[in-house]
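Good morning, colleagues. Please look at the structure on the screen while I describe one pair of helices and a few individual residues.

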Amino acid sequence: RGGEFQCDMQVCEDSSTCLAYGDPHYYTFDRRYFDFQGTCEYILAQSCNSSEFFIIVTNGAHNSRVSCTDSVRVVLPNENLNILLGRGGTVTINNRLQPNNGDEVILRSGQVQVVRVGGHPSVILETSGVVVSWDGLYRVAVTVSSVWMGRVCGLCGNYNGNPIDDFMTPTNTLAPSANMFGLSWLASDGAQGNCGGLDDAGICPDDVMEVARRRCNALLEEPFSRCNDVVVPTTFITSCIFDYCYSDEDVRE
């Protein structure tokens, strides 16, 4: 409230969070991890069998091998709202760029709130139990309450408690690879040109891999090791090594 965290005695209902971050890595509602390097618009998550919400990511080329998330769009047909969260934490609502006045409530309309806290915008669907958070750079988080179990689909998976079938495509078939799964959730009719997407970004040179492992394994050391029992670092170390290996040399330094 007012840009400050406050504690109360309310009990939070069960929920799950899907992440898209880095170059980009995906961590589904059911805790399945994969990489996908497509460079178009994709359905990150949506309400299946209804038009309550659509969460769409636009991915652009980071370099010749990998991509990254450029923006997040939340489409709410029932509310007549199209909310674009862009680079630098910009917020555009129904094609109108909103002023950045620091931490604030940007919009309150029915069940929908758009807020900015710590410079990062979020879209909150209060009665639906859906929160979309964007760091303005490379990371988007979608949190849904347990009422959405088995009722969502997209790159975040179907949230049915089973990570094995998270690669379900819009035609209700399992994709054989992360790349095929990602391409199946293209957000338009496919007329977006060359959308990229690689099954393998290439081989990381041995000398680069050695440095990547040394730097990324810092997550196992102090002060991060204090959190390892709460946040298992394995997935994030893997992501870190991938990003280091396939980033341009000037970015690594």
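I begin with how helix 2 and helix 3 cross: the crossing is right-handed, a term used when the near helix is turned clockwise from the far one by less than a right angle, left-handed being the anticlockwise case. Please note that this is a predicted model, in which local features need pLDDT of at least 70 and side-chain atom pairs count only at pLDDT 80 or more, while totals for chains, interfaces and linings use all residues. Residues are numbered from 1 along each chain as its sequence is written, and side-chain values use heavy atoms, with hydrogens and water left out.

Helices (H or I, at least four residues) and strands (E, at least two) are DSSP runs numbered from the N terminus. Helix 2 covers residues 206-216 and helix 3 residues 234-246; their axes are 9 Å apart and form an angle of about 140°. Axes here are lines fitted to C-alpha atoms, for helices over the stretch in contact, and angles run from 0 to 180 degrees between N-to-C directions. The two helices are therefore oblique to each other; under 35 degrees would be roughly parallel, over 145 roughly antiparallel, and 65 to 115 roughly perpendicular, with the rest oblique.

Which residues of helix 2 and helix 3 meet? From helix 2 come V208, M209, V211, A212, R213, R215 and C216, and from helix 3 I237, C240, I241, Y244 and C245. These divide into 10 nonpolar, no polar and 2 charged residues. In this scheme Ala, Val, Leu, Ile, Met, Phe, Trp, Tyr, Cys and Pro are nonpolar, Asp, Glu, Lys and Arg charged, and the others, Gly among them, polar.

In the loop between these helices lies P223, and the peptide bond leading to P223 from E222 is cis, with omega near 5°.

I turn now to the strands. Is T92, in strand 8 (residues 91-93), buried or exposed? T92 is buried, at a relative accessible area of 17%; buried means under 20%, exposed over 50%, and partly exposed in between, with a 1.4 Å probe and protein chains only. Beyond its neighbours within four places in sequence, T92 contacts N82, I83, L84 and L97, contact meaning heavy atoms within 4.5 Å.

N94, in the loop between strand 8 and strand 9, has a positive phi near 50° and is partly exposed at 35%. N80 also has a positive phi, near 55°, and counts as exposed at 62% relative accessibility.
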